[in-house]
Amino acid sequence: QQPAVGTPAQLVERSPSVLSAAAQLAAARDREQAAWRSSLPSIAMNASYGPQFYNFDGESWDSDSFWSAGVSASLPIFQSGAALNGIRAAQSGADAAGHALQAAALAAVQQVEAAMALESERLLQQEQARLVRTAAQLSLEASLEQYRSGLINHIPVIAAQQSSLSAELSAIQADRDLLDARIQLHAALGSAAALPGDAR
């Protein structure tokens, strides 16, 4: 069964190596964002409300209500150097993961192209081997007919039988070579390559 090749984008999407590299890139970007967040100042807001008592006249207190609000910010000054190094390390990791993803995508496409070229070559060899086998069988049948008619002796028949057997073995080997090439193409396309109804 010949697998469905699809578009280059689909080849990249279903390649295990590309999927792994994409996951590593996503993780590296998360680490980069976490490093940036850890270097940002922290902001806190506070508010309070309550009564305030004053002016005791011997029997009761006069009171009034009050409220207050404020905002505070803290910057990790003493850790700024470590935070900067962490950001740079996370950026380097993300850049490396991005390059690894590009390399994996290119390798996946090249692997599929090479497997497709091999499969096409093996398919052509299979067709040629089958043509040779058919010609050898026809030659054997003609030799047998001539032998039965008394036109030739047994020697040409034996030679035709040997040629037919050799052609049959070559055709079987061509089938096996095509099968091996198609297995390589399936492997290059990934587990989702083979789709129903795509047999040639």
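In what order do the elements of the protein chain run from the N terminus on?

**Figure 1. Overview of the predicted model.** This is a predicted model. From the N terminus on, the order of elements in the protein chain is α-α-β-β-α-α. The secondary structure amounts to four helices and two strands. The protein chain has 200 residues, and 23% of them count as buried. About 13700 Å² of the protein chain is exposed, with 58% of that area supplied by carbon and sulfur atoms. Among contacts in the protein chain with a separation of 6 or more, 70% are between residues 24 or more positions apart.

**Figure 2. Helix α4 along its length.** Helix α4 covers residues 154-189. The helix has 36 residues, which at 1.5 Å a residue should span 52 Å. The end C-alpha atoms of α4 are 53 Å apart, which agrees with that expected span. At the N-terminal end, α4 is capped by Asn153. A side-chain oxygen of Asn153 lies 3.2 Å from the backbone nitrogen of Ile155. The buried residues of α4 include Val157, Ala160, Ser164, Ala167, Ala171 and Ala174. Also among them are Leu178, Ala181, Leu185, Ala188 and Leu189.

**Figure 3. The salt bridge between Glu119 and Arg182.** The structure holds four salt bridges, and one of them is formed by Glu119 and Arg182. The closest N and O atoms of Glu119 and Arg182 are 2.4 Å apart. Glu119 belongs to helix α3 (residues 80-148) and Arg182 to helix α4, so the pair links distant parts of the chain, 63 residues apart. Are the two partners buried or exposed? Glu119 counts as buried because its relative accessibility is 3%, under the cut-off of 20%. Arg182 has a relative accessible area of 10% and is therefore buried.

**Figure 4. The salt bridge between Asp175 and Arg130.** The side chains of Asp175 and Arg130 meet in a salt bridge, with an N to O distance of 3.6 Å. Asp175 is in helix α4 and Arg130 in helix α3, so this salt bridge ties together parts of the chain that are 45 residues apart in sequence. Asp175 counts as partly exposed because its relative accessibility is 29%. Arg130, with a relative accessible area of 38%, is partly exposed.

**Figure 5. The salt bridge between Arg133 and Glu168.** Arg133 and Glu168 form a salt bridge in which the closest N and O atoms are 3.6 Å apart. Arg133 lies in helix α3 and Glu168 in helix α4, and the pair links distant parts of the chain, 35 residues apart. Glu168 has a relative accessible area of 26%, so Glu168 is partly exposed.

**Figure 6. The surroundings of Gln126.** Gln126 is found in helix α3. With a relative accessible area of 9%, Gln126 is buried. Which residues is Gln126 in contact with, leaving aside its neighbours within four places in sequence? They are Ala174, Asp175 and Leu178. Of these contacts, Ala174 and Leu178 are among the buried residues of α4, whereas Asp175 counts as partly exposed.

**Figure 7. A nonpolar patch on the surface.** Leu165, Leu169 and Ile172 make a nonpolar surface patch of about 290 Å². Leu169 lies in helix α4. Why does Leu169 count as exposed? The reason is that Leu169 has a relative accessible area of 53%, and exposed means over 50%.

Notes: Residues numbered from 1 in each chain as written. Predicted model: local features only at pLDDT ≥ 70, side-chain atom pairs only at ≥ 80, totals over all residues. Heavy atoms only, no water. Patch = residues over 30% accessible without salt bridge, like charges linked within 9 Å, V, L, I, M, F, W, Y side chains within 5 Å. Areas by Shrake-Rupley, 256 points an atom, 1.4 Å probe, with all protein chains shown as cover. Buried < 20%, exposed > 50% of the residue type's maximum accessible area, 1.4 Å probe, protein only. Expected span 1.5 Å × (residues − 1). Polar contact = N/O pair within 3.5 Å; in protein donor to acceptor, adjacent residues only side chain to side chain. Contact = heavy atoms within 4.5 Å.
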